[in-house]
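Have your viewer ready and follow along, one selection at a time. Each stop tells you what to pick and what you will find there.

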Amino acid sequence: MAGSSIMENLFQRSLEDLIKAMRLQLIGESTFISKATEEIRREIKSTDQQTKSTALHKLSYLSSVHGVDMSWASFHVVEVMSSSKFAHKRIGYHAAAQSFNDDTPVLLLITNQLRKDLSSTNEFEVSLALDLLSRIATLDLARDLTTEVFKLLATARVFVRKKAIAVVLRVFDKYPDAVRVCFKRLVENLESSDPQVVTAVIGVFCELAAKDPRSYLPLAPEFYRILIDSKNNWVLIKVLKVFAKLAPLEHRLGKRIVEPVCDHMRRSGAKSLVFECVRTVLTGLSDYDSAVQLAVEKVRELVVDQDPNLRYLGLQALSVAAPKHLWAVLENKEAVVKSLSDDDLNIKIESLRLLMAMVSESHVADISKVLLNYALKSDPGFCNEILDSILKTCCNNVYEIVVDFDWYVSLLGEMAMIPNCQNGEEIENQLVDIGMRVKDARMELVRVGRDLLIDPALLGNVHLHRILCAAAWVAGEYVEFASNPFELVDALLQPRTSLLPPSIRAVYINSVLKILIFCLDCYLLQNDGSGSLYSGNLDGRQSELFSVKNDTEATELATCGGSNYEQDVGFNPRNTAEPSEDLSVENGIDRAAMHGKTFTSNLLEKKNSMQESIVSLLNRIELIFGPLIANQDVEVLERAQNILSLVQLIKEEIIDNSGQSVDIMEKKDTRVSAIINSMRDAFTTELGPVSISAQGRVAVPDGLVLKDNLDDLQEICGDTELPSSSFGTGGPHLTTNSDASSSNLLNNEESGPLNECTSLIEHRKRHGLYYLPTEKSEIVPDEYPRANDPKSNSNVNDEAAELVKLTEQSLLLKKRTNQTKPRPVVVKLDDGDIAPISVKRPEPRDDSLSGAIKDVLLGNETGPSVSRSYPSDKSSRKQTEKKKLSTNGRSEMKENEVDAEKPDPESPNSSSKNHGHSKHRRHRVKEKSVEGEEHDQRGKKKSGHHHGRRKTHQRAKSPLNVVSQTPVIPDFLL
Amino acid sequence: MGIRFVLMVNKQGQTRLAQYYEYLTLEERRALEGEIVRKCLARSDYQCSFVEHRKYKIVYRRYASLFFLVGVDNEENELAILEFIHLLVETMDRHFGNVCELDIMFHLEKVHFMLEEMVVNGCIVETNKANILAPIQLMDKSS
């Protein structure tokens, strides 16, 4: 046996051999590693400690650098940890720190080993154990080893004391009751004269204070002393972080520290310290103008520095300052704007953030325009950052900043046209949201929607589908504002819609239905026999609406939708008087000829042409939606089916009556109009924004189980393939159903975006029937400057200058309101309109931890002030007391230990009286403090801390002060 | 916990040292390292040394062929972490003499030891080079 282990030992590869071999290997790294792992698996089972630990050493190397799993070896790790040789032990501890976690089963086995090593006389062993504890401590480990850690907190060996201090952080985190035992010693370490100890302990307090600053206010004097005395920048940075958290909580504290902080800022040569001072001032001391002034001065140096690191941090500091001190940003706006064209994306994003912080309603349009131009030239990532920040800024607080919604809606349209745009979802939400909230913007919305819908190229861009969805919805919902409903239907019916995912196709189909109802409604009204009054009615909608716009009474009627159509026109004779001044003509959007817009007074001719277009519309719908009946998606299928049935019903009636006498015609029409009227009524109810808390107000009906387990469903539906949401499935399915020629063409189209234009033209030639009027689509490229037309670099500078100018205006124009037209009404809900703020203030994460700390701090440090009645404090105290009672005698034992170690000459038997009740304890502390005072009065001032304590006690004695003060003794510093 | 992890990665993207101060599974580590390395190694010298990634802020610095990447939480002072990296490199330099990538590869446990002296539980506890190296030198002498 012994012989074999020697052999093993001799032939075992050391870690160094392994690394060398790996560098020379020719078999591929992964093969080599798996071979090496096999070898290790063999070796690690050895009974020889040397062999075993070398194997483990190799394994932990492979694990940490090459990601080899080593969880299987955890028992071997424990074995090596318990070795008596330090070199082995070290390997074992390192492996444990690297691979153990809360779920490692062998964790239960190491408690005793750790306890032994923590109490070892060899400080390196102690150090190993502490380091492991800091990495893997669980509740059990922390609880069981608190005593050992506590002892180490006061050890004379600084080498282990500083580590013990750092470990306390993890112990507190896992086992808050440890606070009662260890906290006092931790605080004592703050007063240590050893710089190493102070470095460690301030790091711990920095972390603790970040979670729950309020609990540490009583320690302010100690921190203050460190801030004044320490020469170590690392320590100063940490202590500044603590103060940045504490200062906002206590006004008087800010007053005390503002001078020393500014001193450091002025004097220090270390950029890191100066920057920390700046950050502290801007976050915690932002009410002290002189300090902020100084900080902003420092920031100004940073933002123009050569070093990109400093520029970045400078901009970050500015965005910290922005909410309270916008002037700081404005002062540096040139640097900010310049950073927008920096090499570094991170810097650009910071700069963008600041730029948006400067935006005000007076020039949001100009800045957005310039930014949009930036976006066109930027890489996709930054482009979307820009779009995102414009969208977020503008929709903030229900479009607070937007005055001209027509502008904003067309801006949204322009954004959608940017090729790299990936913010489809946000644009979709805003388009729909504006539609519901802002009545006056609906006309522009429909126009923008139309422009998006008629462009067949857009359908190929996956990122735009959501926007198209919104456009289709808007077009259907607010069709009464459309200049040409027939054109909208054409756009919604174009064959490339097969590229859309089914959910969005369903929206398209529904919009077709809405528009169809609207058209039929108009048609029937025209036929209603009121005669010449309605000449040009369908196409005259536009002019009617425009004329109505001036008429406040009628505006309301018009926007209420088609139901008021009849009245509306009746009230508004101007409509008939000036039909030829149709605004659509003025706009140059001459769609008249196509849809039989003739201004002849010949009623019959008019009627016939109207009927023709209606019939052709019905035919087209039938032709396109016919194949959809076999669609895989239920929603698409059902909606298509519905609309088809309706079309068939109506078509019969309308076609039948052609050529028949007017009497019969009218009779038949009444049946159709009854249908249409009821359909129309269904659509005319106005949709408004929905409060986000609306769902909460709906009571759950009896018998409705919301959280039922639906796993069984998987078995039942397992074999039926659910339709995937991607448009891929919809596409081919449709093409197989449509006629051969069109399917060919569709395939052509899909073959590449480059062919799009030519194939489209071909399409149109062959199927003039369901395509948009050619001239319209050709206009599109002119209307929107294509995104990728490159601009020269000089333009960038021009634009930068322009931006500087624009931001300059922000201060001047802020007061001036140059509103050419009043801001339209934006519907707001009383509650739940604004989404709950996602960035919650970090709540004191660990109630038990902070409770325990308060208990200890207030109990020990400021006994007298606590004895005042203070309801919330009392309750928390009660809680902790309860907790204490519920935990077993162990913690009480420790309590006694603490007391035993206190120098307490006056009452040697008091610890026996102490039953862990804080009341007793407080009482005792009071006694002690009186004693301490006597000491002081004898002139034995030992430390600043002591000094401070004496003062509070005196203060606490005088009743007047006691009443007015909070329990956190902030006046320590005064 | 200020420092969440320390990584050393060479120009080819191979990890030379990985020290985590919070537990992540092997898969999480591998994914995280991959993402961070891809992000940071693609950056030029004219760009700043701070990258935000998931919940971390990565502060990195390049020395010859080796990248030192330190993941910290949002509270940490970036410039101080840059100094920390420099301190680590100086400490290694003092110990190994003209430290290079190979030194770190073949003496990984020593580098881990230095780190253990400097950082406990994510807090920087020691910034004095002599103090950091004392236990290692003692161990070298005894072995």
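Start by selecting A:Leu704, which sits in the loop between helix 38 (694-697) and helix 39 (711-717) of chain A. Keep in mind as you go that this is a predicted model. A:Leu704 has a relative accessible area of 46%, so the residue counts as partly exposed. Add A:Val700 and A:Leu706 to the selection: together with A:Leu704 they make a nonpolar surface patch of about 300 Å².

**Chain B**

Now switch to chain B and colour by secondary structure. You should find 5 helices and 7 strands, running β-β-α-β-β-β-α-α-α-β-β-α from the N terminus on. Chain B has 143 residues, and 64% of them are buried. If you plot a contact map, residues 24 or more positions apart supply 49% of the chain B contacts with a separation of 6 or more. Turn on the surface of chain B and you are looking at about 5500 Å² of accessible area, 48% of which belongs to carbon and sulfur atoms.

Next, select residues 26-41 of chain B, which form helix 1. Its 16 residues reach 22 Å from the first C-alpha to the last, close to the 22 Å expected at 1.5 Å a residue. Which residues of this helix are buried? Highlight B:Leu26, B:Arg29, B:Leu32, B:Glu33, B:Ile36, B:Val37 and B:Cys40. Look down the axis: these residues cover an arc of only 125 degrees, and therefore lie on the same side of helix 1 of chain B. Turn to the other side to see B:Glu27 and B:Arg38, both exposed.

**Helix 4 of chain A**

Go back to chain A and pick residues 49-66, helix 4, where A:Lys58 lies. Is A:Lys58 buried or exposed? Its relative accessible area is 1%, so A:Lys58 is buried. Show what A:Lys58 touches beyond four places away in sequence, and you will see partners including A:Arg13, A:Leu18, A:Glu39 and A:Glu43.

Also in helix 4 is A:Lys52, which is paired with A:Glu79 in helix 5 (residues 74-81) of chain A, 27 residues apart. The two form a salt bridge, with the closest N and O atoms 2.9 Å apart. A:Lys52 is buried at 4%, whereas A:Glu79 is partly exposed at 29%.

**Helix 23 of chain A**

Select residues 380-399 of chain A; the buried residues of this helix include A:Phe382, A:Ile386, A:Ile390 and A:Tyr399. The buried residues of helix 23 pack against helices 21, 22, 24 and 25 of chain A. Then check the backbone of A:Asn397, where phi is near 50 degrees, a positive value in a residue other than glycine. A:Val398 also has a positive phi near 50 degrees. A:Asn397 is partly exposed at 29%, while A:Val398 is buried at 9%.

**Salt bridges**

Searching the whole structure gives 45 salt bridges over all chains. Zoom to A:Arg266 and A:Asp263, joined at 3.4 Å, N to O. Because they are 3 residues apart in helix 15 (residues 251-267) of chain A, about one helical turn separates them.

Move on to A:Glu487 and A:Arg450, whose side chains meet at 2.7 Å. This pair links helix 28 (residues 485-493) with helix 26 (residues 442-453) of chain A, 37 residues apart. Both A:Glu487 and A:Arg450 are buried.

For the last stop, select A:Lys241, A:Glu276, A:Arg279, B:Lys57 and B:Glu78 together: salt bridges link them in a network.

Note on methods: Residues numbered from 1 in each chain as written. Chains lettered and ligands numbered in written order. Predicted model: local features only at pLDDT ≥ 70, side-chain atom pairs only at ≥ 80, totals over all residues. Heavy atoms only, no water. Patch = residues over 30% accessible without salt bridge, like charges linked within 9 Å, V, L, I, M, F, W, Y side chains within 5 Å. Areas by Shrake-Rupley, 256 points an atom, 1.4 Å probe, with all protein chains shown as cover. Salt bridge = Lys/Arg side-chain N within 4 Å of Asp/Glu carboxyl O. Helix = DSSP H or I, 4+ residues; strand = E, 2+ residues; numbered from the N terminus. Buried < 20%, exposed > 50% of the residue type's maximum accessible area, 1.4 Å probe, protein only. Contact = heavy atoms within 4.5 Å. Expected span 1.5 Å × (residues − 1). Arc of directions from axis to C-beta.
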